[in-house]
Amino acid sequence: MDRFQEMQVFAAVAQDQGFSAAARRLGMSAASVTRAVAALEKRIGTHLLTRTTRSVHLSEAGQRFLEDSRRILAEVQEAEDSAAGSHAQPRGQLTITAPVLFGELFVTPLMVSFLTQFPDVTINALLVDRVVSVVEEGVDVAVRIGELPDSNQHAIRVGQVRRVIVASPDFLSRQGRPTHPQDLTQAPVIATSSIGQLKNWPFVEGDEPLSVRPEPRLVVTANQAAITAAALGLGYTRVLSYQVASRIAAGELEIVLADYEVAPLPIHVVYQGGRKAPARVRSFVDFTVKSLREQAALQG
């Protein structure tokens, strides 16, 4: 097996996090896949994968080699496409990731439009409320909400969202509108226990940070459930502005304490490869950036 094939096998094992799964996708035997990776590691002189009885993970050297392998494989594909006269036509599989509700509201419609426009592309979408490792999980394009850590990945800002406190008009007419964040400590609150949600709700008063720790009457695992409970008049909840934009427009929810909100969170489209990225990645990034920048709910 030549080096190019070994790279393909290694990239498949890293993406599928297992030899058997990679073998099925490549149409090879598990033993052949194992031998190919072993030969690659022997030639390089270091372990690229950490194996346990249940899973396979990239070593630090493996992470670096995977990124280089993906770039090289993409460049070979681009060269073949260019020689065949199809350089500008996206094709192949894209793996993308976005938060669950954001993905349902904004990414899914644009994926459908993109796939309709480019029939030779397939998409694997990871809509999850966790930060997916672009390198380890083989992600081509990611939508991130929040400040980005320093990295070698390319990022394009497409908007921003606010962290807002909302309640139904009926609830506010019964309870009265809060005038200060501390009013929330004695009020009915709906909280979420999803990843990334804080028990303390941050605000700012003037230039000073302010933290409030409400005692929720209801705790749910999904933001959509909290939004529904708030719209039904149970109490206040804290969400991102895009998540409630349609309900606010319909008069089902109202924002309170806007003068105490912390700074908005940026939204970025993140991808690897820059100008050397495959045509399918570049096309999807351009398509996504244009689509998301046209969404009024994301320009908060």
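Reader: What distance separates the centres of domain 1 and domain 2, taken over C-alpha atoms?

Author: In this predicted model, the two centres lie 23 Å apart. The contact draws ten residues from domain 1 and twelve residues from domain 2.

Reader: Happy to start there! Where do the domains run along the chain?

Author: The domain assignment places domain 1 at 3–84 and domain 3 at 163–260. Domain 2 comes in two segments, 92–142 + 272–298.

Reader: How much area do domain 1 and domain 2 bury between them?

Author: About 920 Å² is buried between domain 1 and domain 2, with 46% of it on carbon and sulfur atoms.

Reader: And how many salt bridges and polar contacts does the rule find across that interface?

Author: Zero salt bridges are found between domain 1 and domain 2. The rule also gives zero residue pairs in polar contact there, counting pairs with both residues at pLDDT 80 or more.

Reader: Which elements give two or more residues to the domain 1 side?

Author: Those are α1 (3–16) and α4 (60–83). Helix α4 gives the most, with seven residues. By class, the domain 1 side divides into four nonpolar, two polar and four charged residues.

Reader: Lovely. Turning to the rings, why is the pair of Phe-102 and Phe-106 called tilted?

Author: Good one! The structure holds eight aromatic pairs, including this one. The ring centres of Phe-102 and Phe-106 are 5.1 Å apart, and a pair needs centres within 6.5 Å. Their planes stand at 50 degrees; stacked requires under 30 and edge-to-face over 60, so the pair counts as tilted.

Reader: Where do Phe-102 and Phe-106 lie?

Author: Both sit in helix α5 (residues 100–117), four residues apart, about one turn of the helix.

Conventions
Residues are numbered from 1 along each chain as its sequence is written. This is a predicted model: local features need pLDDT of at least 70, side-chain atom pairs count only at pLDDT 80 or more; totals for chains, interfaces and linings use all residues. Side-chain values use heavy atoms; hydrogens and water are left out. Domain bounds come from an automatic or database domain assignment. Contact means heavy atoms within 4.5 Å. Buried area is the accessible area (1.4 Å probe) that two parts lose on being put together, summed over both. A salt bridge is a side-chain nitrogen of Lys or Arg within 4 Å of a carboxyl oxygen of Asp or Glu. A polar contact is a pair of N or O atoms within 3.5 Å; within protein, one must be able to donate a hydrogen and the other to accept it, and residues adjacent in sequence count only if both atoms are side-chain atoms. Ala, Val, Leu, Ile, Met, Phe, Trp, Tyr, Cys and Pro count as nonpolar, Asp, Glu, Lys and Arg as charged, and the others, Gly among them, as polar. Rings of Phe, Tyr and Trp (its six-membered ring) pair if their centres lie within 6.5 Å; planes under 30 degrees apart count as stacked, over 60 as edge-to-face and the rest as tilted.
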